[in-house]
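Student: I should like to understand how the descriptive terms for a protein structure are justified. May we look at one together?
Tutor: Certainly; please keep the structure in view as we proceed.

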Amino acid sequence: KTNTWGDVHITTPDGLIYDFQEVGDYILTQSPSGDVKVHAREEALASNPRVSINTAVALWVAGDKLVFNVKDNTLTINDELTPLPTATLALPAGGRIELTYPGRTDFTIYWPDGNTGARVILYPRGDIDIGVGRLAGSLTYEGVIGNLDGNAQNDMQIRGGELLAPPASAEVLGLEGRVVL
């Protein structure tokens with residue numbers, strides 16, 4: 001399951017569903033400790049600039065920085081170009097990347113503490129689906145895909161902690177600096 005896909009539709013792990021047609025770099029989720037960060041780059045679709053798609057994703061996996069970029073079908077790990085994995089790849093800080101489905105560019109990333117997992121799917125059509133899930137533990141999270149606490153009604157939170165009652169309008173979601181990024 002992914003949380004952000006296509007012409008960016010979002011389903012939070014807690015079950016809130018909304019569209020997010022913005023262009024820029026966004027924090028999908030992060031932990032206050034900094035051990036977990038998942039950022040997405042959303043760009044305008046060439047055929048319709050009012051629609052955005054995910055074109056890159058950066059993940060901080062307990063100290064390792066991974067960047068998947070669909071434009072050139074690449075992966076960098078700690079700023080070094082790395083071939084896309086064809087089997088399990090151990091990360092320097094203890095996490096790992098697993099090929100979810102052989103023959104596809106579909107990967108599952110695991111943090112070394114076992115608390116968090118992510119799924120990244122690169123499509124030949126030029127977009128990326130991204131999913132994040134809590135696997136165990138009690139880490140707290142914040143970001144565009146919510147806080148992963150089981151309550152969809154508190155997933156829309158802006159900087160400073162103010163909650164927006166879902167569904168929030170496109171105007172409210174699009175205010176620069178207001179969405180937790």
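Tutor: In this predicted model, strand 5 (residues 36-45) runs antiparallel to strand 6, and 10 bridges join the two.

Student: What makes strand 5 and strand 6 a pair?
Tutor: Two strands pair if at least two bridges are found between them. Strand 5 and strand 6 are joined by 10 bridges, so they meet the requirement of at least two. As one example of the register, R41 stands opposite A56 in strand 6. The hairpin that joins strand 5 to strand 6 passes through 2 residues.

Student: How do you know that strand 6 and strand 7 pair?
Tutor: The same test applies. Strand 6 (residues 48-61) and strand 7 (residues 64-69) share 6 bridges in the antiparallel sense, and at least two are needed, so they count as a pair. L59 has L66 in strand 7 as its bridge partner, and W60 stands opposite K65 in strand 7. The hairpin of strand 6 and strand 7 has 2 residues between the strands, and A62 takes a positive phi near 50° there.

Student: Why is strand 6 called largely enclosed?
Tutor: Of the 14 residues of strand 6, 10 are buried, so the rest of the structure largely encloses this strand.

Student: What makes strand 4 and strand 9 edge strands?
Tutor: The open sheet has 6 strands in the order 4-5-6-7-8-9, with antiparallel pairing. Strand 4 (24-30) and strand 9 (80-82) each have a single partner strand, so one side of each lacks a neighbour in the sheet. From one strand to the next, the twist averages 30°.

Student: Why is strand 13 called largely enclosed?
Tutor: In strand 13 (residues 116-122), 7 of the 7 residues are buried, so the strand is largely enclosed by the rest of the structure. T116, A118, V120 and L122 point one way, G117, R119 and I121 point the other way, and all are buried.

Student: How do you know that strand 13 pairs with strand 12 and with strand 14?
Tutor: Strand 12 (residues 106-110) is joined to strand 13 by 5 bridges, and the two run antiparallel. Strand 13 and strand 14 also run antiparallel, with 7 bridges. At least two bridges are required, so both cases qualify. T108 has R119 in strand 13 as its bridge partner, while A118 has V132 in strand 14. In the hairpin of strand 12 and strand 13, G114 takes a positive phi near 80°; in the hairpin of strand 13 and strand 14, G126 takes one near 110°.

Student: Why is N147 called buried?
Tutor: N147 has a relative accessibility of 13%. The cut-off for buried is under 20%, so N147 belongs in that class. This residue is found in the loop between strand 14 (128-134) and helix 1 (170-173).

Student: What makes the meeting of the N147 and N154 side chains a polar contact?
Tutor: The two side chains make this contact at 3.2 Å, and the limit for such a pair of N or O atoms is within 3.5 Å. Leaving aside neighbours within four places in sequence, N147 is in contact with D14, R134, Y141, N154 and D155.

Student: How confident is the predictor, and where is its pLDDT below 50?
Tutor: The mean pLDDT of the protein is 86, and 87% of its residues reach 70 or more. Over residues 175-181, however, the pLDDT is below 50.

Technical notes: Residues are numbered from 1 along each chain as its sequence is written. Side-chain values use heavy atoms; hydrogens and water are left out. pLDDT is the predictor's confidence in each residue, from 0 to 100. Contact means heavy atoms within 4.5 Å. Helices (H or I, at least four residues) and strands (E, at least two) are DSSP runs, numbered from the N terminus. Axes are lines fitted to C-alpha atoms, for helices over the stretch in contact, and angles run from 0 to 180 degrees between N-to-C directions. Buried means under 20% relative accessible area, exposed over 50%, partly exposed in between (1.4 Å probe, protein chains only). A polar contact is a pair of N or O atoms within 3.5 Å; within protein, one must be able to donate a hydrogen and the other to accept it, and residues adjacent in sequence count only if both atoms are side-chain atoms.
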